[in-house]
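Please read what follows with the sequence and the coordinates open side by side. The account goes from one residue to the next and ends with the chain taken as a whole.

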Amino acid sequence: MEAPWRQGRGRGRARPGDGVAAARTGAAARPSAPRARGAASVAEMGTSTGGDSGECRILPSLVEPGWRLWELSSQKKFEEIKKANQAAAKKLVEDQFSSSSEDDDEDAEVKQGKILAKTFTIYTSQTDGDVSDLERTRQYMNEAFQSGAMTCLICIASVKRNQAVWSCCGCFCIFHLVCIQKWARDSLFLVSSPLTDDDFGKKDYPWPCPKCRFEYKRSETPNRYYCYCGKVENPIVDPWLVPHSCGQTCEREFKPPCGHKCLLLCHPGPCPPCPKMVTTTCHCKKAKAVPRRCSAKEWSCHLPCGRTLLCGQHACENPCHAGDCQPCPRVSKQRCICGRQTAERLCASPQWQCDQVCGKRLPCGNHTCELVCHAGPCGDCPRSGKRSCPCGKSKFTLPCTEDVPTCGDSCDKVLECGIHKCSQRCHRGPCEICRQEVEKQCRCGKHTKRMPCHKPYLCETKCTKIRDCQKHQCRRKCCSGNCPPCDQVCGRTLGCRNHKCPSGCHRGSCNPCPETVDVKCKCGKTVIKVPCGRERTIKPPKCRQLCSRPPTCHHPSQEKHYCHFGRCPPCRQSCQKTLACGHLCPVPCHDEALVRQTGLHQSAGPWEQPSEPAFIQTALPCPPCEVPVPV
């Protein structure tokens with residue numbers, strides 16, 4: 001069955017006659033409701049246009065303008081919100097300009113120059129534009145602007161503008177605040193880890209800077225982010241200031257302190273020299289005062305110093321200098337403190353002490369002073385006044401000629417063991433050794449025994465720990481655990497293969513052999529020194545001496561050649577033996593000619609070694625004379 005609104009020939013159109021009935025039925029069925037002005041006008045206009053047919057139709061030309069107005073207003077609101085969000089995002093990007101590496105504008109260098117000029121303005125006004133003393137500070141500031149120049153050495157990452165940082169006061173290196181805090185905690189943990197729980201926290205152990213190792217106290221661990229000068233906490237990010245700077249005058253004390261403060265704006269790195277002008281004189285105060293820079297106010301006039309030296313007799317002859325004068329270099333005769341001896345000594349040490357005992361009579365009249373060469377009065381007799389007995393419990397007033405008696409009470413002095421007291425009566429001289437029996441523990445802590453207190457207790461247990469050589473056991477009786485170094489000799493063969501290691505037993509490889517070996521030529525006149533072990537691989541030195549071996553042929557002397565190893569070269573002199581015809585043999589010497597042997601056993605293969613050499617050295621007869629003669 002078709003839906004009611006689908007029944008009919010077209011949408012929004014009723015059949016003739018049905019529309020009136022439907023309208024009437026609907027009007028009777030539902031209560032009257034107020035209609036909007038637009039709707040009423042549309043309905044009225046639709047009814048009037050229906051005419052005789054009785055059709056009720058809403059005209060599209062009247063609905064579309066209202067819809068278009070609502071759509072345009074929504075689009076306008078969307079565009080306004082979009083522009084507002086874009087403006088907010090743009091402002092946020094400008095405020096959170098994070099890193100100096102993002103300064104890639106065309107005028108970045110001009111902008112950087114303006115910021116540096118603004119930072120140096122007050123300083124350069126004091127130096128008449130001279131910026132020669134600002135080079136080191138300028139370098140630190142340029143690094144603050146350059147991309148990647150500021151790097152945290154702990155995490156090896158770039159330091160950005162909007163990140164909390166900390167600067168070392170020793171090397172002025174910049175680190176992330178969280179990185180330096182972790183570094184300080186780890187350093188303090190490593191230092192204090194060997195301590196027990198009772199000792200932990202009692203001593204303020206320092207932590208070092210990762211770069212320059214400058215030490216800071218535990219209380220100096222940074223926990224807040226400050227600008228370079230330390231005035232402002234959490235400085236705002238300003239693109240027209242040096243990164244991490246507050247923009248105020250630095251006002252840190254110059255080093256060394258001169259009473260003035262830094263005039264630059266808050267900046268990284270060290271403060272420049274003081275630019276103030278002061279009127280000052282030279283070191284010796286002889287020259288007229290002149291105006292100079294406070295950082296260079298110390299100057300010398302190069303005139304003789306003239307100040308009286310410590311000897312009180314001579315004046316300083318060095319040029320005008322800073323600090324105290326050097327000791328007097330002259331020599332003079334001076335008496336000792338007691339005045340008995342005189343000797344020539346440097347003026348720089350006028351007081352000296354001889355080795356004679358004073359020997360003056362003391363006020364008591366019974367004793368003499370036993371002090372060695374001294375100044376001033378000898379003082380009272382050490383035996384006068386109230387004196388204590390040997391144990392120190394009783395005091396007596398006796399003449400200096402009488403000895404103090406013992407009091408008869410127990411001595412009660414602490415014995416050498418440091419635990420018990422002397423049980424004897426008051427006595428003169430040292431106390432006896434402690435003889436009380438106590439329960440003693442041996443040095444290694446494995447055994448206990450009851451024995452006299454003064455005797456050490458060492459058990460017979462041998463230590464089984466491996467010594468630092470990692471080869472031998474300690475084997476020391478009753479070892480406390482702190483084993484001494486290995487006392488055995490290493491004895492391993494050195495790399496030279498000639499000697500053994502003479503050092504104590506040790507880890508790792510042995511040191512090279514310290515010995516040297518002489519390598520000589522055949523005659524022994526040319527010698528070179530080589531490290532032990534190299535003599536087997538190094539060639540003998542070239543000798544420039546002539547070979548002195550006797551000739552092996554019939555010649556009285558051999559040809560001249562240098563010293564060599566092995567056989568001498570064959571003789572190349574002419575034979576000169578007298579032939580049967582009376583002529584001399586003109587061919588080269590043939591007393592040691594190499595001749596191949598004949599009739600030798602033929603080897604079956606390369607595995608069979610020959611029993612006799614293939615060539616033998618033998619003397620050949622002279623050949624026939626070839627000198628022509630007349631017939």
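In this predicted model, His 555 has a relative accessibility of 10% and therefore counts as buried, since the term covers residues under 20%. The residue is placed in the loop that runs between strand S16, residues 527-531, and strand S17, residues 593-596. Its side chain reaches the backbone oxygen of Ser 574 at 2.9 Å, and Ser 574 appears again when the surroundings of His 555 are listed: with neighbours within four places in sequence left aside, His 555 is in contact with Cys 571, Gln 573, Ser 574, Cys 575 and Cys 589.

A second loop residue, Thr 406, can be read in the same manner. Thr 406 lies between strand S12, residues 395-397, and strand S13, residues 437-441, and with a relative accessibility of 37% it counts as partly exposed, because that value falls between the 20% limit for buried and the 50% limit for exposed residues. Once the neighbours within four places in sequence are set aside, the contacts of Thr 406 are with Pro 390, Cys 426, His 427 and Arg 428. For Arg 428 the separation is also given by the C-alpha atoms, which are 7.9 Å apart in space from those of Thr 406 although the two residues are 22 apart in sequence.

The aromatic residues come next. A pair of aromatic rings is described by the distance of the centres and the angle of the planes. The model holds five aromatic pairs, counting rings whose centres lie within 6.5 Å. In one of them, Trp 166 and Trp 207, the ring centres are 5.9 Å apart and the planes stand at 55°, so the pair is tilted, an angle of 55° being neither under 30 nor over 60 degrees. Trp 166 belongs to strand S3, residues 165-167, and Trp 207 to strand S5, residues 207-208, so the pair ties together parts that are 41 residues apart in sequence. Trp 166 is buried, with a relative accessible area of 14%, and Trp 207 is buried as well, with a relative accessible area of 0%. Both tryptophans are members of one aromatic cluster, which is formed by Trp 166, Phe 175, Trp 207, Phe 214 and Tyr 216. Elsewhere an aromatic ring is paired with a charge: the charged end of Arg 544 sits over the ring of Tyr 562, at 5.3 Å from the ring centre.

Attention can now turn to the empty space. The largest pocket has a volume of about 800 Å³, and of the 33 residues that line it, Cys 169, Phe 172, Arg 252, Lys 255 and Cys 271 are the closest to its centre. Strand S3 contributes the largest share of this lining, with three residues. As for enclosed space, a search of the whole structure finds one cavity of 30 Å³ or more. The largest cavity contains about 70 Å³ of space, and its lining includes Arg 161, Tyr 225 and Ser 245, together with residues such as Pro 235, Ile 236, Val 237 and Asp 238 and, further along, Leu 241, Val 242, Pro 243 and His 244.

Finally, the chain as a whole. The chain has six helices and 18 strands, and of its 631 residues 25% count as buried. Among the contacts in the chain between residues at least 6 apart in sequence, 27% join residues at least 24 apart.

How values were computed. Residues are numbered from 1 along each chain as its sequence is written. This is a predicted model: local features need pLDDT of at least 70, side-chain atom pairs count only at pLDDT 80 or more; totals for chains, interfaces and linings use all residues. Side-chain values use heavy atoms; hydrogens and water are left out. Helices (H or I, at least four residues) and strands (E, at least two) are DSSP runs, numbered from the N terminus. Buried means under 20% relative accessible area, exposed over 50%, partly exposed in between (1.4 Å probe, protein chains only). A polar contact is a pair of N or O atoms within 3.5 Å; within protein, one must be able to donate a hydrogen and the other to accept it, and residues adjacent in sequence count only if both atoms are side-chain atoms. Contact means heavy atoms within 4.5 Å. Rings of Phe, Tyr and Trp (its six-membered ring) pair if their centres lie within 6.5 Å; planes under 30 degrees apart count as stacked, over 60 as edge-to-face and the rest as tilted. A charge sits over a ring if NZ of Lys or CZ of Arg is within 6 Å of the ring centre and within 35 degrees of the ring normal. On a 1 Å grid over the protein atoms alone, a cavity is a set of points where a 1.4 Å probe fits but cannot get out, and a pocket is an open set with protein on both sides within 12 Å along at least five of seven lines; lining residues have an atom within 4 Å of a point. Grid points are joined across faces, edges and corners, and a volume is the space filled by probe spheres set on the points.
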